[in-house]
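Hi there,

Here is the structure I promised to pass on to you. Have a look at it first, and then read on for what turned up in it.

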Amino acid sequence: MGATLSNLTESNGSAGGPGLGDIPESCVACVFLYLTPPEICNLARLNRAFRGAASADSVWEGKLPPNYRDLLDLLPPERHQNLSKKDIFALLSRPVPFDDGNKALWLDRVTGRVCMSISARGMAITGIEDRRYWNWIPTEESRFHSVAYLLQIWWFEVDGVVKFPFPADIYTLSFRIHLGKFSKRLGRRVGNFEHTHGWDIRPVRFEFSTSDGQQASIESCLDETEQDEANGNHKRGCWIEYKVGEFVVTESDPATEVRFSMKQIDCTHSKGGLCVDSVSIVPSNLKQRRRGVLK
């Protein structure tokens, strides 16, 4: 197989037969229009014509979202001036922080569609300034390298808002939270549920609304009352993504504003022992490789 592929990559001068090296670069570029960025990068290794086609702006223009310049505007101009479309795609496929680093945008590496994440520091959290109620925990398990940890509170409310010219698509909004505190001990991840209480009494309400009138909400008890004897409570000690719902963007202008919240404001009991990491807004039918998404 390897020898055959090697023979095809260039012209077969001895036999007089054509090889992949004889295909014009413009024809290769036309084929690349229908391939994904990872497929293009893999084929670029075959020969010079494929390499040249894989760098053509005409190929990568279609892989970028129509309003990719809105994403570039979040970066210093010197970081993207004079870059090819391929290099712009590579730049935007890595997280682009904005709002003092509390939010991030990036392009999905396969589809080129826009994804967003908002950190806990980018949200309004009731009592966050009082260390009797909340602490910030540094961790590599978060894209933003820290999470908000609730010790105990009666009025639990987390609110956020983001306004951005999302490209036309269907998006899913989810909250990423963790029941219990976690740390590493002797190289192993250890959970601590000393403060975890109150989440099995009343459900938490998750909701969002958009500037064009779309809205969604769900309610969920974060702590299961029934425990698996073998595995314990499956929600404890794991990062869980709670899918709140979907919203549709038909055009990027005007920009879409999304307001979202999670709350449990029944003051008849206290609750605690919860980590709040982030809210994600991603295209709905992207193949999710992540585990632990609750619908």
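Strand 3 (residues 114–119) is mostly covered, with 6 of its 6 residues buried. Buried here means under 20% relative accessible area, exposed means over 50%, and partly exposed lies in between, using a 1.4 Å probe and protein chains only. Strands (E, at least two residues) and helices (H or I, at least four residues) are DSSP runs, numbered from the N terminus. From strand 3, V114, M116 and I118 point one way, while C115, S117 and S119 point the other way, and all are buried. That fits a simple pattern: in a regular strand the side chains alternate between the two faces of the sheet.

Before going further, a word on where this comes from. This is a predicted model, in which local features need pLDDT of at least 70 and side-chain atom pairs count only at pLDDT 80 or more, while totals for chains, interfaces and linings use all residues. Residues are numbered from 1 along each chain as its sequence is written, and side-chain values use heavy atoms, with hydrogens and water left out.

Which strands pair with strand 3? Strand 2 (residues 103–107) does so in the antiparallel sense over 5 bridges, and strand 15 is joined to strand 3 by 4 bridges, also running antiparallel. Two strands count as paired if DSSP finds at least two bridges between them. As general background, strands of a sheet pair through backbone hydrogen bonds, either parallel or antiparallel. To find these pairings on your screen, look for K103, whose bridge partner in strand 3 is I118, and for M116, whose bridge partner in strand 15 is I281. Strand 2 and strand 3 also form a hairpin with 6 residues between them, and G112 in the turn has a positive phi of about 75°.

Strand 15 (residues 274–283) also pairs with strand 6, antiparallel over 3 bridges. There, Y149 stands opposite C275 in strand 15. Strand 6 (residues 146–150) is mostly covered too: 5 of its 5 residues are buried. S146, A148 and L150 point one way from strand 6, and V147 and Y149 point the other way. Strand 5 (residues 134–138) pairs with strand 6 in the antiparallel sense over 5 bridges, and W136 has A148 as its bridge partner in strand 6.

Next comes an open sheet of 5 strands, in the order 4-7-14-11-12, with antiparallel pairing. Strand 4 (124–125) and strand 12 (215–220) stand at the edges with a single partner strand each, so one side of each is left without a neighbour in the sheet. Within this sheet, strand 7 (residues 156–164) and strand 14 run antiparallel and are joined by 9 bridges. The bridge partner of F156 in strand 14 is Q264.

Is T256 buried or exposed? T256 counts as buried because its relative accessibility is 9%. T256 is found in strand 14 (residues 256–264). Leaving aside neighbours within four places in sequence, T256 is in contact with V162, K163, F164, F166, T210, S211, F247 and V249. Contact means heavy atoms within 4.5 Å.

I also looked for empty space inside. A search of the whole structure finds 1 cavity of 30 Å³ or more, and the largest cavity has a volume of about 40 Å³. On a 1 Å grid over the protein atoms alone, a cavity is a set of points where a 1.4 Å probe fits but cannot get out, and lining residues have an atom within 4 Å of a point. The volume is the space filled by probe spheres set on the points, with grid points joined across faces, edges and corners. The lining consists of I177, H178, L179, L222, K235, I240, Y242 and L274. Strand 8 gives the largest share of that lining, 3 residues.

Finally, how far can you trust the model? The protein chain averages a pLDDT (the predictor's confidence in each residue, from 0 to 100) of 87, and 86% of the residues score at least 70. Over residues 1–14 the pLDDT is below 50, and pLDDT stays under 50 over residues 289–295. Where pLDDT is low, the predicted coordinates should not be read in detail.

Happy exploring!

Note on methods
On a 1 Å grid over the protein atoms alone, a cavity is a set of points where a 1.4 Å probe fits but cannot get out, and a pocket is an open set with protein on both sides within 12 Å along at least five of seven lines; lining residues have an atom within 4 Å of a point.
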